[in-house]
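Trainee: Could you walk me through this one before I go back to the bench?
Mentor: Gladly, let us bring it up and take it piece by piece.
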Amino acid sequence: MRKLALSDEILLKIEKPASYIGNEVNSVMKNKDEVDIRFCMAFPDVYSIGMSHLGIQILYDMFNKREDTWCERVYSPWPDLDAIMREKKIPLFALESQDKIKDFDFLGITLQYEMCYTNVLQILDLAQMPLRAKDRGEEYPLVMGGGPCSYNPEPLAPFFDMFYIGEGETVFNDLLDEYKAYKKAGKSKKEFLERAAEIPGIYVPAFYDVEYHEDGTIASFKPNNPHAKEKIEKQVVMDITNTYYPTKPVVPFIKATQDRVTLEIQRGCIRGCRFCQAGMLYRPTREKDVEVLKETAKAMLESTGHEEISLSSLSSSDYSKLPELIDYLIEECSQRKVNISLPSLRIDAFSLDVMSKVQDIKKSSLTFAPEAGSQRLRDVINKGLTEEVILEGAGKAFDGGWTRVKLYFMLGLPTETEEDMKGIAHLAEAIAKRYYEIPKDQRHGKCQIVVSTSFFVPKPFTPFQWASMFRKEDYLDKAKIVKEEIKAQLNQKSIKYNYHEADVTVLEGILARGDRKVADVLEATYRKGAIFDAWSEYFRYDLWMEAFQEAGIDPEFYTLRERPLDEIFPWDFISIGVTRKFLENEWKKAQQEVVTPNCKMQCSGCGAGKYKGGICVEG
Amino acid sequence: MKVRVKFAKEGAMKFIGHLDIMRYFQKAIKRAGIDVAYSEGFSPHMIMSFAAPLGVGVTSTAEYFDMEINTPISSREAVKRLNEVMVEGMEVKSFRKIPDGKANTAMALVAAADYYVEFREGMEPEAGWKDKINAFIERSEILIVKKTKKNEKEVDIRPYIYDMHLEGDRIFLKLAAGSVKNTKPELVMEAFFAFCEQEFDSFRFTIHRAEVYADKGTEECRNLISLEDLGEEIE
């Protein structure tokens, strides 16, 4: 049997010891003496969240298909174990082999959300590695970043040796082949990084210098090494059907946030909502072949024994073969006694019919994401959902027996007025009114409408990347306006209101569009004891603000400025296909309240057509 | 057909709690392709019932659960298929047919269990503890203080200790288990430490469950039969 890195005494003292022992179904064990490359994939958050992430499962499967590579996993130790590891100087270890990460060839860290950045430093620190790439000698693993936040890697630049920009299925094998050759030849880390920098999609931050204007904005961003490229091209898999997909995903012992089979049906989104980063980053929209999806679903259910399956995509209703796929799944899953968890579908006759087949109407709720309270503001953000459509969908659902509706909105969107905020309350009221139009003897008691608002954070590579944010107090005022307007409605007793925390929003905004200067603040905040910022019980806004002040950096430089159109952004060296020109045009159209048609209706020439595939070719 | 599965849970698997072991088997049974009965409704659940939950940190070679299967399968085939989908540390020992009826469920039958207590290296009590076992068990009364939410009360656990003796360096315990009469190996050890006038720390020893029994005897005379032996092999 494997020897565990942690003693019985520690494992019996901490919460969820199952998070640290590995041995899960479908986890991969190899003989370390028979592989050339040891890769540790990290998700910088707690195990139960990290285990729900599809991207790691894809790469884990892809790497372990290579005979020369053993890919293992690590997640953030929870604060109880974190304290013990620091006290007893226990180095962070990978789950499979239980070996020290510091002895691996690669440590790959996925960057899924900004609020995990202090946990990135926690992982490096607990692994007993210097935080900064320049301080890590030949004996340390190469530290790599990837995932959506690596589209603006600059706040993390000094801590990483390289970033992989784009989808992992394309050049990772080339990179590993190169590494193996360099390792065999006994070449240095720098020599390898110079070679890696020539591979498309690989960004080596140390090979670039940034200069700033006196006002803090970027004056220039240039390669300082002849091997480094001017522009880093995002990586995309054009044939998304015939690529890697794990038919044997790892099944955790403890209940993960998403304890089920996840079937990815397409990548990208045709909609073009102006606030949505994923909608721009993952263009063009590419569908997977429905026959392959059916086979994959079956294989995954068989290999995992999961009791639930869900579909993954940015907008499942837009998948052209959705009815065929769902019919198949309903048939297959009822035989296997597997539940189908539906993604948020557009509410129409089709989705209501499907929902009534797979869910208990009395217990389930309908979800709408109008995102903004007025038609004017929905035009600004290019969210093509009208009040008429919402009311029609809700009406049909109420007639069909549903009584619960969830509504998602954002506050703090560009051009937002008080009328737009109040519109949230009015829309909720209109839905409630529609419910009470049903004769009393035909409806099932009261309806319950849950309104949730988050605060909008402008992200890189979106038409709103130029937009200003607000102060914490202003966000709370906005939430108060919604709250009071809801209270003034006739059916206010049927409407419940929740809103997201404002201080986390401000921080997320700083990190999302931050530059290299933010890295020092990040490290200082971590040194002050911040970890698990994504968890409200651990988030320490005060530590962050203290660190900004000590570094002499004004956080409002990142949040409260509307950027001029010609400002150099920290992420400008990356090309995502979608052009800056297109984004700028969308930003202007937003201010004029002009909508842009979706990719199926008409091509708007965003630039993703250069990949010559997906929706751009198939139409 | 009702069947009873006996399994072992050892090594690192001792850190997986009871509820997660139930989930583990629900998935394992699906992977093994065994046709089991489910509850009705929108979220059907496998109908399983476990004999006696095992605490985190305790290993066992005699865990039991019962379930109902729709399609008959031979014991040999079922054990083979289940073991093909087990992880390291988990092993299915037997798969047997049991009689129908609520009184025959593993949970209702549990009356006693065997345990081995072993001291961790360097954490043994002071020399001479082995000689004290007989004196400890020969007493007619072994009182321990049981803490409840409201108060503390003294309980005599002696009637629940059916056997206690030394096997090499390990202590063997046969204890009452189940819903009516029961005691735990930790409590017996706590009392034993007190008897030896030594400081108690549950981390000084490991516990292994070796068997679980039903009592097929009378009020006066126990007749313990392992839960496994109450089932019969399916050909």
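**Two helices and a sheet**

Mentor: Helix 14 and helix 15 of chain A are oblique to each other, and please keep in mind that this is a predicted model.

Trainee: Why oblique, and how is the angle set up?
Mentor: The axes of helix 14 (residues 418-436) of chain A and helix 15 of chain A cross at roughly 40° and come within 8 Å, and the crossing of helix 14 with helix 15 of chain A is right-handed. An angle that is neither under 35 degrees, nor over 145, nor from 65 to 115 counts as oblique, and the two helices are therefore described that way.

Trainee: Which residues make that contact?
Mentor: From helix 14 of chain A they include Met421(A), Ile424(A) and Ala425(A), while helix 15 of chain A brings, among others, Ile481(A) and Val482(A). By class, the contact between helix 14 and helix 15 of chain A has seven nonpolar and four charged residues, with no polar ones.

Trainee: OK, switching to the sheet, what is the strand order?
Mentor: In chain A four strands form an open sheet in the order 15-16-17-18, with parallel pairing. Strand 15 (366-371) and strand 18 (495-499) of chain A each have a single partner strand, so one side of each has no neighbour in the sheet.

Trainee: And how many bridges join strand 16 and strand 17 of chain A?
Mentor: Strand 16 (residues 404-411) and strand 17 (residues 448-455) of chain A pair over eight bridges, in the parallel sense, and Lys406(A) stands opposite Val450(A) in strand 17 of chain A.

Trainee: Last thing, how many residues does each chain give to the contact between chain A and chain B?
Mentor: Chain A gives 25 residues and chain B gives 22, and the chain B side that touches chain A divides into eleven nonpolar, five polar and six charged residues.

Note on methods. Residues numbered from 1 in each chain as written. Chains lettered and ligands numbered in written order. Predicted model: local features only at pLDDT ≥ 70, side-chain atom pairs only at ≥ 80, totals over all residues. Contact = placed C-beta atoms within 7 Å. Nonpolar A, V, L, I, M, F, W, Y, C, P; charged D, E, K, R; others polar. Pairing = 2+ DSSP bridges. Axes fitted to C-alpha atoms, helices over the stretch in contact; angles between N-to-C directions. Left-handed = near helix turned anticlockwise from the far one by under 90°.
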